Amino acid sequence: MKSRIICLAPVFLALIGGPATYFLFLKVPWVRNTSLPNLIILLVAVAWALIQFRRGYSTWTVTALVLTLAVAVGFIYLRFGWASLPEAHIGATVGNEAPDFSLPDSDGKEFVLSSLHGKENVILVFYRGVW
Amino acid sequence: MSSIKELGARLVAVSADSIESLKVFRGKKLTSDVTLLSDSKCQVISRYGVIHPDGHGGGDIARPATFVIDKQGVVRWVKVTPNVMERPAPEEVIGALKGTLKGSQ
């Protein structure tokens with residue numbers, strides 16, 4: 001029984017190294033933007049499951065290989081497929097005037113971009129919102 | 001955050017969230033140095049060309065994008081990522097801001 005559970009170790013490695021670690025380190029920009037550590041760990045997990053499978057064919061090694069691959073493919077699909085965006089048609093290009101606008105802030109007060117002209121530089125960030 | 005202020009810049013963040021959700025967001029973890037704006041009809045988001053139509057089934061929202069605008073109101077740096085999980089790194093934006101300052105002096 002003990003060895004059967006050990007057979008599933010690559011699956012756990014894939015789960016922890018892929019999705020879990022990615023979301024745990026979401027606030028580290030290079031992890032978030034490249035997913036490099038996660039991809040490396042997933043590769044190791046798949047290799048491990050594959051070696052195990054080739055050494056001894058059994059329901060457990062097959063299950064481990066299938067599940068490890070499923071986690072790896074699922075993570076790569078969500079991260080690079082589902083999350084990818086169509087090409088943007090930017091309405092404010094470098095060297096041109098930023099389109100002026102007026103929007104309510106978190107206190108309901110109107111904020112006018114041009115009111116900062118001559119006073120402050122602006123880092124204008126668009127984000128997806130809280131959900 | 002403090003370095004943005006020291007560089008004479010203001011951080012302005014726009015999303016399609018309502019004023020009510022901005023209030024909750026602000027209350028949770030933000031300093032007063034960030035101006036949060038509500039563009040619930042996605043008018044400004046569309047004008048800047050950074051809309052993600054029906055963002056994964058949750059209605060129109062903004063896609064991650066950052067613009068550095070100088071004191072004259074001119075766009076000096078733009079970064080729009082090709083993926084919802086990717087954002088410009090803070091150092092990248094600060095670097096662009098510093099470049100803007102050098103250019104305008």
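Visitor: How do α2(A) and α4(A) lie relative to each other, roughly parallel or roughly antiparallel?

Guide: For a pair of helices, look at the angle between their axes; over 145 degrees counts as roughly antiparallel. In this predicted model, the axes of α2 (residues 9-24) and α4 (residues 36-55) of chain A cross at roughly 170° and come within 8 Å. The two helices are therefore roughly antiparallel to each other.

Visitor: And which residues of α2(A) and α4(A) meet?

Guide: From α2(A), the list includes L13(A), G17(A) and Y22(A). On the α4(A) side, I41(A), A45(A) and W48(A) are among them. Sort that contact by class and you get eleven nonpolar, five polar and no charged residues.

Visitor: Okay, on to the sheet. What is the order of its five strands?

Guide: Read a sheet by walking across from one strand to the next. Here the walk goes β2(B)-β1(B)-β3(A)-β5(B)-β6(B), in an open sheet with mixed pairing. β2 (34-38) and β6 (75-80) of chain B stand at the edges with a single partner strand each, so one side of each has no neighbour in the sheet. From one strand to the next, the twist averages 15°.

Visitor: β3(A) comes from chain A. How many bridges join β3(A) to β1(B), and do the strands run parallel or antiparallel?

Guide: Check the bridges, then the directions. Six bridges join β3 (residues 121-126) of chain A to β1 (residues 9-15) of chain B, and the two strands run parallel. You can find N121(A) with its bridge partner A9(B), and V122(A) opposite R10(B).

Visitor: What about β3(A) and β5(B): how many bridges are there, and which way do they run?

Guide: Those two run antiparallel, with five bridges. One pair to look for is L124(A) with its bridge partner F67(B).

Visitor: How does β5(B) connect with β6(B)?

Guide: They form a hairpin with five residues between them, and G73(B) in the turn has a positive phi of about 85°. Five bridges join this antiparallel pair; I69(B), for instance, stands opposite V75(B).

Visitor: Is β5(B) covered on one face or both?

Guide: To judge that, take the residues on each side in turn. A65(B), F67(B) and I69(B) on one side are buried, and so are T66(B) and V68(B) on the other. That gives five buried residues out of five.

Visitor: Now R63(B). Is R63(B) buried or exposed?

Guide: Count the neighbours: a residue is buried if 20 or more other C-beta atoms lie within 10 Å of its own. R63(B) has 22, so it is buried. You'll find R63(B) in the loop between β4 and β5 of chain B. Leaving aside neighbours within four places in sequence, its contacts include L85(A), A88(A) and F126(A) from chain A, plus V50(B) and H52(B) from chain B. H52(B) is eleven residues away along the chain, yet the two C-alpha atoms are separated by 5.4 Å.

Visitor: Zooming out, how many residues of chains A and B are in contact?

Guide: 61 residues of chain B are in contact with 44 residues of chain A. β1(B) gives the most to chain B's side, with seven residues. That side divides into 35 nonpolar, 14 polar and twelve charged residues.

Visitor: Which elements of chain B have the lowest and highest mean pLDDT?

Guide: Where pLDDT is low, the predicted coordinates should not be read in detail. In chain B, helix α1 (residues 2-6) has the lowest mean, 79, and strand β5 (residues 65-69) the highest, 96. Chain B averages 88, and 94% of its residues score at least 70. For the complex, the predictor gives an ipTM of 0.92 and a pTM of 0.88.

How values were computed
Residues are numbered from 1 along each chain as its sequence is written. Chains are lettered from A and ligands numbered from 1 in the order in which they are written. This is a predicted model: local features need pLDDT of at least 70, side-chain atom pairs count only at pLDDT 80 or more; totals for chains, interfaces and linings use all residues. Two strands pair if DSSP finds at least two bridges between them. Helices (H or I, at least four residues) and strands (E, at least two) are DSSP runs, numbered from the N terminus. Axes are lines fitted to C-alpha atoms, for helices over the stretch in contact, and angles run from 0 to 180 degrees between N-to-C directions. pLDDT is the predictor's confidence in each residue, from 0 to 100. Two residues are in contact if their C-beta atoms, placed from the backbone, lie within 7 Å. Ala, Val, Leu, Ile, Met, Phe, Trp, Tyr, Cys and Pro count as nonpolar, Asp, Glu, Lys and Arg as charged, and the others, Gly among them, as polar. Angles under 35 degrees count as roughly parallel, over 145 as roughly antiparallel, 65 to 115 as roughly perpendicular and the rest as oblique. A residue is buried if 20 or more other C-beta atoms lie within 10 Å of its own, exposed if 12 or fewer, and partly exposed in between; C-beta atoms are placed from the backbone.
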